[in-house]
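Hi,

Here is the structure I said I would pass on. Have a look at it first, and then read my notes below.

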Amino acid sequence: RTHQECADNTDCNLPGQTTHCFIGKTAIKMGDGTEKRIDEVVVGDEVLNDEGTNSTVIQIQKHENTEIYGFNEEEAFVTKDHPILVKKDGENEWKSIDPSWIAPFSHGVDALKLEVGDVLLKGENKEEMEITSIEKGGMADLTYNLVLDTVNTYYANEYVAHNAFFREEKFDHPAQTSLKALTISKLTGAF
């Protein structure tokens, strides 16, 4: 399915799938270089993606009563399943605190488990920040995720975040070929 088809229909979100979100005051880097709280972003706004171009917000997902986490004693702001960009052995990869909560066939992101010692990438210059601690911060009444029209990444509190929609070029490892086929089959109903 296309991004728009999934934005327009709820059947792309499978039963039991959790949320990939941020708390309302999370700072989002906008296409013009300014920052805006995610709860103030509206459909049609442009956000900066990790490829250095702008993506347009086509939908804003909102979820209630969600556990949130933080890193290195920063304020908790992210759900445990949201994919965040890390650097490992000179390569970039997507990780989340609990990747088992991400339905592998609902998007093209192969997220791995984020752990103490991993190196998060922050900001447009992809500055490296080693994780020394991951803290649970309680429950957020409302969390938000942005569905975008082109590149499905954005900066949330300077971290490079994936919106957990489709980015099939991330299937660049031979071991992921069968997962990609399953993903495409599941999405097109051809299985």
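Let me start with a question: is Leu-142 buried, partly exposed or exposed? Bear in mind that this is a predicted model. Leu-142 comes out as partly exposed, because its relative accessibility is 32%, and buried would need a value under 20%. The residue belongs to strand E11. Leaving out residues up to four places away in sequence, Leu-142 touches Ile-23, Gly-24, Lys-62, His-63 and Glu-64. There is also a long-range relation to look at: Leu-142 and Asp-39 are 103 residues apart along the chain, and their C-alpha atoms are separated by 9.4 Å.

Now go to Thr-143, which also sits in E11, a strand covering residues 134-148. Thr-143 counts as buried because its relative accessibility is 0%. Its contacts, again not counting residues up to four places away in sequence, are Cys-21, Phe-22, Ile-23, Gln-61, Lys-62, His-63, Thr-66, Ile-68 and Thr-79. As background for this stretch, side chains in a regular strand alternate between the two faces of the sheet.

On to the sheet itself. E11 is part of an open sheet of four strands, in the order E1-E11-E5-E4 and with antiparallel pairing. E1 and E4 (46-48) are the edge strands, each pairing on one side only. Between E5 and E11 there are twelve bridges, in the antiparallel sense. If you want a place to check the register, Gly-70 stands opposite Glu-135 in E11.

Glu-135 turns up again with Ala-76, a residue of the loop between E5 and E6. The C-alpha atoms of Ala-76 and Glu-135 are separated by 7.3 Å, although the two are 59 residues apart along the chain. Ala-76 is a loop residue, yet it counts as buried because its relative accessibility is 11%. Setting aside neighbours within four places in sequence, Ala-76 is in contact with Ile-23, Ile-68, Tyr-69, Gly-70 and Gly-137.

Some more strand pairing is worth a look around E9. E6 and E9 (residues 119-122) run antiparallel and are joined by two bridges, and Val-86 stands opposite Leu-120 in E9. E9 also pairs with E10 (residues 127-130), in the antiparallel sense and over four bridges. Lys-122 has Glu-127 in E10 as its bridge partner. The hairpin of E9 and E10 has four residues between the strands, and Gly-123 there takes a positive phi near 75°.

What about the inside? The largest nonpolar core has 29 residues, and those that touch the most other members are Phe-22, Ile-28, Val-47, Phe-71, Leu-120, Leu-146 and Tyr-154. The elements giving two or more residues to this core are E1 (22-23), E5 (54-71), E6 (84-88), E11, E12 (153-156) and E13 (159-162). Apart from that core lies another one, of six residues, including Leu-85, Trp-94, Tyr-155 and Val-160.

Then the aromatics. How many aromatic pairs does a search of the whole structure find? It finds five. One of these is Phe-71 with Phe-77, an edge-to-face pair at 6.1 Å centre to centre and 80° between the planes. Both Phe-71 and Phe-77 are buried. Phe-71 also forms an edge-to-face pair with Tyr-159, here with 5.6 Å centre to centre and 65° between the planes. Why does that second pair tie together parts that are 88 residues apart in sequence? Because Phe-71 lies in strand E5 and Tyr-159 in strand E13. Phe-71 counts as buried because its relative accessibility is 0%, and Tyr-159 is buried with a relative accessible area of 1%. Along with Phe-22, Phe-77 and Tyr-154, these two residues form one aromatic cluster.

One last thing links the hairpin to the cluster. The charged end of Lys-122, whose bridge partner is Glu-127, sits over the ring of Tyr-159, 4.5 Å from its centre.

If you open the model, I'd begin with Leu-142 and Thr-143 in E11, then turn to Phe-71 and Tyr-159 with their edge-to-face pair.

Cheers

Notes
Residues are numbered from 1 along each chain as its sequence is written. This is a predicted model: local features need pLDDT of at least 70, side-chain atom pairs count only at pLDDT 80 or more; totals for chains, interfaces and linings use all residues. Side-chain values use heavy atoms; hydrogens and water are left out. Buried means under 20% relative accessible area, exposed over 50%, partly exposed in between (1.4 Å probe, protein chains only). Contact means heavy atoms within 4.5 Å. A nonpolar core is a set of buried Ala, Val, Leu, Ile, Met, Phe, Trp, Tyr and Cys residues joined through side-chain atoms within 4.5 Å. Two strands pair if DSSP finds at least two bridges between them. Rings of Phe, Tyr and Trp (its six-membered ring) pair if their centres lie within 6.5 Å; planes under 30 degrees apart count as stacked, over 60 as edge-to-face and the rest as tilted. A charge sits over a ring if NZ of Lys or CZ of Arg is within 6 Å of the ring centre and within 35 degrees of the ring normal.
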